[in-house]
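What follows is a walk through one predicted model, from a single side chain out to the overall fold. Keep the sequence and the coordinates at hand.

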Amino acid sequence: DSDYEVEESLVLHVEATGVIQEDVKLNEDTNISFIQIESDSPLVQIGNHVYAGTYQDTIPTSLFFTHHENSKEEEESVDPVFGHQLPVKVQYLDSTRKKLTLKRVFLKTKQQQQAPVNPA
């Protein structure tokens, strides 16, 4: 069980620039947190890495699909357009004309400021 509750679910096109593929290894257990997602410059934490984001318009529209393995019946059916069997079935999920572009940032802890000393 998770300590978090899902308030809203959305599909988001995210692109990370200047990131080496080996630095970010995504899997089912990767913790991804969005901070102030509705602001103009949200922060995103992927594992131990933090990214600053900005929204941009995309051309063309980004399309999202879900996919799953075909059942035995579906494996035997033939695609009507291309005439061959497809091992995976895809289904349209959503689309967007915006993307969140991420750049890696490095956070520092704030230094506590000392109160000025007034000579007596």
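Start at Tyr92, which is located in strand S5. Its relative accessible area is 47%, and because the partly exposed class lies between the 20% and 50% limits, Tyr92 counts as partly exposed. A residue needs over 30% relative accessible area to enter a surface patch. Tyr92 belongs to such a patch, a nonpolar one of about 490 Å², together with Leu63, Phe65, Val88 and Val90. Two strands each supply at least two residues of this patch, namely S4 (49–69) and S5. The largest share comes from S5, with three residues.

Strand S5 also takes part in the interior. The largest nonpolar core is a set of five residues, Val44, Ile46, Tyr51, Leu100 and Leu102. At least two residues of this core come from each of strand S3 (43–46) and strand S5 (88–105). Across the protein, 16% of the 120 residues count as buried.

A second surface feature is one of charge. Glu5, Glu7, Glu8 and Glu38 form a patch of negative charge on the surface. Of this group, Glu8 sits in the segment that precedes strand S1 (13–17). Glu8 has a relative accessible area of 59%, and since exposed means over 50%, Glu8 is classed as exposed.

The elements mentioned so far fit into a short list. The protein has one helix and five strands. Read from the N terminus, their order is β-β-β-β-α-β.

Conventions: Residues are numbered from 1 along each chain as its sequence is written. This is a predicted model: local features need pLDDT of at least 70, side-chain atom pairs count only at pLDDT 80 or more; totals for chains, interfaces and linings use all residues. Side-chain values use heavy atoms; hydrogens and water are left out. Patches are made of residues with over 30% relative accessible area and no salt bridge: like charges are joined within 9 Å, nonpolar side chains (Val, Leu, Ile, Met, Phe, Trp, Tyr) within 5 Å. Accessible areas come from the Shrake-Rupley method with a 1.4 Å probe; for residues, only the protein chains shown count as cover. A salt bridge is a side-chain nitrogen of Lys or Arg within 4 Å of a carboxyl oxygen of Asp or Glu. Lys and Arg count as positive and Asp and Glu as negative; His and the chain ends are not counted. The place of a charge is taken as NZ of Lys, CZ of Arg, CG of Asp or CD of Glu. Helices (H or I, at least four residues) and strands (E, at least two) are DSSP runs, numbered from the N terminus. Buried means under 20% relative accessible area, exposed over 50%, partly exposed in between (1.4 Å probe, protein chains only). A nonpolar core is a set of buried Ala, Val, Leu, Ile, Met, Phe, Trp, Tyr and Cys residues joined through side-chain atoms within 4.5 Å.
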